[in-house]
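Okay, thanks for making time, everyone. I'll put the structure up and then walk through a few places in it.

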Amino acid sequence: MDEDREMGIDRRLSPLRISQRSRQLDNGMRVVVHEDRSSPIVAVHVMYHVGSRHESPGRTGLAHLLEHLLFEGSENCPKGEFDRLLDQVGGVNNGSTWLDRTNYYEIVPSHAVELALWLERERMAHFLPVLDETMLEVQRGVVINERRQSCDNRPYGMADERLHELLFPEDHPYFWPTIGYLRDLEQTRLEDARAFFETYYVPRNSVLVLAGDVSPDEGFRLAEAYFGDLPPGPEHGKGVLPRLGQDPGPRRTEEMEDRVTLPRLYLGHVVPPYGTSEWIALDVLTYLLSDGESSRLQRRLVRDEQVALDVDAYLYPTELNGVLGVVATARAGIAREKLATAVDEVIEEIAAGELDEGEVAGAVMRARRDQLSSIANLEERAEELAYATTVLGNPEALEETLEAYASVGPEAVRDAARGYLGRSRGAAVMVIPRAGEEAGVES
């Protein structure tokens, strides 16, 4: 009997299998087909390897703005027709933009899969002729309004943007926000949008995933039929991609006044990128820190010492560098310094080695619980396959990443915390009430 079994801990995890076959078209589009006949539906997912990090200083917000524009119709599918055609067959669709990628997807009955593919072909091949100043002006206004609602005029809405500015140097593409700066959005020109589209929204820079009631052979045939004749588009090298070192310098800390009633800490650390062994150990650490009432931060800050109203830890699965963050809201009357110190002390306890096998095994199991929940959904399964192909280079990397959790133990978690976290590293933004608006504070 091994040591874990003697301790009553069974770390055996059944493999998470996501069967798929992949192929690359002559124009560079990568195609992944995941066959699942459990329901007569197909998820059609197109992911472009373009996000806010592919923008330039002074031209931020283009990727997100393009996402909006690409819902405005095409040469053969005028505005409104996209949704009307999908509604007729009972389909749904959406899209999103992030730091490293932009995606569009449709969920359709399997008999309507060719409609979804035709719509995505329209988006890729027949959008530019309809892009004009009027369309740009309308959608630029929508995005600016979105920015005002979600960032500028929302309590705590500017904290994450400022945290990234403190975490990364100005020439790093994770420095600026995905939604873009207001001044850049206001100055976006039609030629900027055209050039950005022509560079990145091309077969060579895309991944197509068909997941559901479709066979690999049929999926590859359909991909060739709808996208195989499109030109590959320009080849753009990765250039010099800045990667930060393990120790980029002392922590940068800033206070930000806002129209809030309680102080809230935004603490961030730059860590290794998605898919690395360190990233996986750090993901387990986030579960150990804040998932569930017995997790370290919840137990000490919320339950025992009652210095925080709420606390959460997160880890971005990003390509160049990961970002591990902790967000904690102080209880009324608690000094913000006391809150920040408590968060640092919990992390330092872990880095010092106060971990046991059962606690880490529980965190791994909770991570596995969320992974199972995620891939149980056909659309999310399609997105995970598309993301692994886009960021890690192949769809098999998804299974490899998920399986790597089984080997994470206390030593790996402790080493990751010791290597990348700590009060001398990272950046912190403490959002505080404006003068005269804070409740009485006890030290």
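Let's start at Leu267, which sits in strand 8, residues 264-271. One thing to keep in mind as I go: this is a predicted model. So, is Leu267 buried or exposed? It's buried, with a relative accessible area of 2%. And what does Leu267 touch, once you skip residues up to four places away in sequence? The list is Leu163, Arg251, Leu324, Gly325, Val326, Val343, Asp344, Ile347, Ala427 and Ala428. For a sense of distance, take Leu267 and Ala63: they're 204 residues apart in sequence, and C-alpha to C-alpha they're 27 Å apart in space.

Val343, one of those contacts of Leu267, brings me to the core. The largest nonpolar core has 67 residues, and the ones touching the most other members are Leu285, Leu301 and Val343. Helix 10 gives this core its largest share, 9 residues. If you click on Leu301, you'll find that it touches Gln306, Val307, Ala308, Val311, Leu339, Ala342, Val343 and Val346, again not counting residues up to four places away in sequence. There's also a second, separate core, with 53 residues, including Leu25, Val50, Leu115 and Ala193. As background, nonpolar side chains in soluble globular proteins tend to be buried together.

Gln306 was on the Leu301 list, and its backbone deserves a look too. Gln306 isn't a glycine, yet its phi is positive, about 50°. Where is Gln306? It's in the loop between helix 11 (296-304) and strand 9 (308-316). Gln306 is partly exposed, at 43% relative accessible area.

There's another one like that to flag: Tyr156, also not a glycine, has a positive phi near 65°. Tyr156 is in the loop between helix 5 (133-152) and helix 6 (159-167). In this case the residue is buried, with a relative accessible area of 14%.

Next, the helices towards the far end of the numbering. Two packed helices get described by the angle between their axes and the distance between the axes. For helix 14 (residues 378-392) and helix 15 (residues 396-404), the axes come within 7 Å and cross at roughly 100°. That angle falls in the 65 to 115 degree range that counts as roughly perpendicular, so helix 14 and helix 15 are roughly perpendicular to each other. Which residues make the contact? On helix 14 it's Glu384, Leu385, Ala388 and Leu392, and on helix 15 it's Ala397, Leu398 and Thr401. Sorted by class, that contact has 5 nonpolar residues, 1 polar and 1 charged.

Staying with helix 15, its buried residues are Ala397, Leu398, Glu399, Thr401 and Leu402. Those buried residues pack against helix 10 (277-290), helix 13 (357-375) and helix 14. And helix 10 is the one I mentioned for the largest share of the core.

Now scroll back to the sheet. You've got 6 strands forming an open sheet, order 1-2-6-3-5-4, with mixed pairing. Strand 1 (21-24) and strand 4 (92-97) are the edge strands, each pairing on one side only. From one strand to the next, the twist averages 15°. Inside the sheet, strand 3 (residues 41-48) and strand 5 (residues 102-109) pair in the antiparallel sense over 8 bridges, and Met47 stands opposite Asn103 in strand 5. Helix 2 (residues 62-69) packs on the sheet, where it touches strand 4 and strand 5, and its direction makes about 165° with that of strand 4.

Last stop, strand 1 and strand 2. They pair in the antiparallel sense over 4 bridges, with Gln24 standing opposite Arg30 in strand 2. The hairpin they form has 5 residues between the strands, and there Gly28 takes a positive phi near 100°.

At the end of strand 2 (residues 30-35) you'll find Glu35. Glu35 is partly exposed, with a relative accessible area of 33%. Its contacts, leaving aside neighbours within four places in sequence, are Ser19, Gly212, Val214, Ser215 and Pro216. Compare its position with Glu72: the two are 37 residues apart in sequence and 31 Å apart in space, C-alpha to C-alpha.

That's my tour; happy to go back to any of it.

Technical notes
Residues are numbered from 1 along each chain as its sequence is written. This is a predicted model: local features need pLDDT of at least 70, side-chain atom pairs count only at pLDDT 80 or more; totals for chains, interfaces and linings use all residues. Side-chain values use heavy atoms; hydrogens and water are left out. Axes are lines fitted to C-alpha atoms, for helices over the stretch in contact, and angles run from 0 to 180 degrees between N-to-C directions. Helices (H or I, at least four residues) and strands (E, at least two) are DSSP runs, numbered from the N terminus. Angles under 35 degrees count as roughly parallel, over 145 as roughly antiparallel, 65 to 115 as roughly perpendicular and the rest as oblique. Contact means heavy atoms within 4.5 Å. Ala, Val, Leu, Ile, Met, Phe, Trp, Tyr, Cys and Pro count as nonpolar, Asp, Glu, Lys and Arg as charged, and the others, Gly among them, as polar. Buried means under 20% relative accessible area, exposed over 50%, partly exposed in between (1.4 Å probe, protein chains only). A nonpolar core is a set of buried Ala, Val, Leu, Ile, Met, Phe, Trp, Tyr and Cys residues joined through side-chain atoms within 4.5 Å. Two strands pair if DSSP finds at least two bridges between them.
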